[in-house]
Amino acid sequence: MAINAPEGTYDLLPDQKLFWEQFKNTARDVFGRYGYLPIETPSMERTDLFVRGIGEATDVVSKEMFEVLSGGNMAKVLAGETLPAKKRLSLRPEGTAGVVRACVQHDLVPQGAPPAKLMYAGPMFRAERPQQGRQREFNQVGIECLGADDPSIDAEAIIMLMRFFAEVGIPHTSMTLLLNSMGCATCRPAYRDAVRAYMEQHVDALCDTCRQRMDLNPLRAFDCKNSECAAVMEDAPKIGEYLCDECQAHYAQVRGLLELAGIQYVEDARLVRGLDYYTRTVFEVQVAGSGKAQNAIGGGGRYDKLAEEIGGRPTPGFGFALGFERCVHVLEDAGHAFPHAHACQAFVACVDDEVRTDAFALAQILRDAGVAAETDHQHRSLKSQFKLADKLGAQVVVILGPDELREGNVRIRDMRSHEETVVPKDVAAGTVASLL
Ligand code: HAM
């Protein structure tokens, strides 16, 4: 039986790969205007980075991480040995922890320096149950800004994300920006206690998972998909009533700056996000009316304690990531015209086998002159070569016939105007280039 790609993973075929490249270029362009520079961190990191950074009790860390074992270490683990922390590796489930680790490791935010604005794009890995819009390997584009806690950073990044979505063609009307503040180390504990106390009162109506979460991570119950839990959590205490004065002021300024920029948002007191590092602002962009369970195309927030959690200096941070595949689904639903990958600008066709070697050589000359050129490798008839040239998207076909070649000439057809000219073989590359 043929071997397919692993469950929850998929291939980016040439058209899709071209779109992914364009998507990343648009991100580089839009985010670059806001001062974000590219960074690339490893696809795997030490497991304890994610445990400490994202939080042991989160689904992402407790259930969804792919641990990486080399052959030698696999044997040790199977023999019951516990590996030292530096040998325990996991595929990254998200990009924030790795970027913050890199900032700490390379001291990218020295004291008194301007904020480090970084962007990344690449695959993330989560061992989730695969379904439409939920893969085990998926591509994210994300940004992280470290070294500033001003609400203007939060607002600027959210505005930038909405500009990006507009630029790639996601219809404005299909998106809802949800916004909340999760408070800080001063005010969140009291809120968490209040939610836990509320859940204890309604414990009989909660699912097993929420009951288990109650002690360690009660706020996760806001994300539970079980309808009875959702009904209970509807009336749970709201974070807004618990925010300290500083968090309230910070949140008000983020909202004010978004309003100034004409960005519409919906406040959602139940938006808690699935990663433990968030403080203050959190947000998510959801696609409305799709009826799909996986409707968040992007999200993020502030994480002012994360650098310290992983052993760095206190360094406030803000960031977001968006899911490429989910954006593609939204664009498909909106009837977006995706690009087609063309491998060929000029096709060198042979009238018969006698001229094959010349055709092979001319294709090389065209490529050396910067033209994407292809020729026939399957001994097709001239008619079939023309069909192939058309299929490959060639704008020009260079026809080599024995009679013309004897006189040192080739025939060049412009595939759009269907005009043909006979030119000396030596100037063919220049003529082709002038027609593209
Ligand atoms: P996240 O909400 O877990 O945040 O993921 C961001 C986006 O990645 C989601 O909105 C979704 O579009 C996409 N995504 C997540 N999981 C999957 C999956 N299994 N299959 C397909 N797409 C998926 C983060 O990852 C944070 N690191 C964002 C952030 C950056 N916060 C601060 N800085």
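The lining of the largest cavity has 6 nonpolar, 2 polar and no charged residues. Here Ala, Val, Leu, Ile, Met, Phe, Trp, Tyr, Cys and Pro count as nonpolar, Asp, Glu, Lys and Arg as charged, and the others, Gly among them, as polar. This is a predicted model, where local features need pLDDT of at least 70 and side-chain atom pairs pLDDT 80 or more, while totals for chains, interfaces and linings use all residues. Residues are numbered from 1 along each chain as its sequence is written, and side-chain values use heavy atoms, with hydrogens and water left out.

**The cavity**
- A search of the whole structure turns up 1 cavity of 30 Å³ or more (on a 1 Å grid over the protein atoms alone, a set of points where a 1.4 Å probe fits but cannot get out).
- The largest cavity holds about 30 Å³ of space (the volume filled by probe spheres set on points joined across faces, edges and corners).
- Its lining, meaning residues with an atom within 4 Å of a point, is made of Asn180, Ser181, Met182, Tyr191, Leu219, Ile239, Ala269 and Val272.

**The second largest pocket**
- This pocket (an open set of points with protein on both sides within 12 Å along at least five of seven lines) has a volume of about 480 Å³.
- Of the 27 residues lining the second largest pocket, Arg188, Arg192, Asp276, Tyr277 and Tyr278 lie nearest its centre.
- Helices α2 (47-54), α7 (188-201) and α11 (306-309) each chip in at least two lining residues (helices are DSSP runs of H or I, at least four residues, and strands runs of E, at least two, numbered from the N terminus).
- α2 gives the largest share of that lining, 4 residues.
- By class, the pocket lining has 14 nonpolar, 4 polar and 9 charged residues.

**Around the ligand**
- The ligand is surrounded by 27 residues (a heavy atom within 4 Å), and the closest are Glu94, Thr96, Glu128, Glu144 and Tyr278.
- Strands β6 (137-146), β10 (296-302) and β11 (317-323) each supply at least two residues of the shell, and β10 gives the most, with 6 residues.
- The shell splits into 10 nonpolar, 10 polar and 7 charged residues.
- A polar backbone atom of Gln135 sits 2.9 Å from a nitrogen atom of the ligand, and one of Ala296 is 2.9 Å from a ligand oxygen atom.

**Salt bridges**
- The whole structure has 31 salt bridges (a side-chain nitrogen of Lys or Arg within 4 Å of a carboxyl oxygen of Asp or Glu).
- One of them joins the side chains of Arg33 and Glu167 at 3.2 Å, N to O.
- Arg33 lies in the loop between α1 (14-32) and β1 (37-38) and Glu167 in helix α6 (residues 151-168), so the pair ties together parts 134 residues apart in sequence.

Key
Polar contact = N/O pair within 3.5 Å; in protein donor to acceptor, adjacent residues only side chain to side chain.
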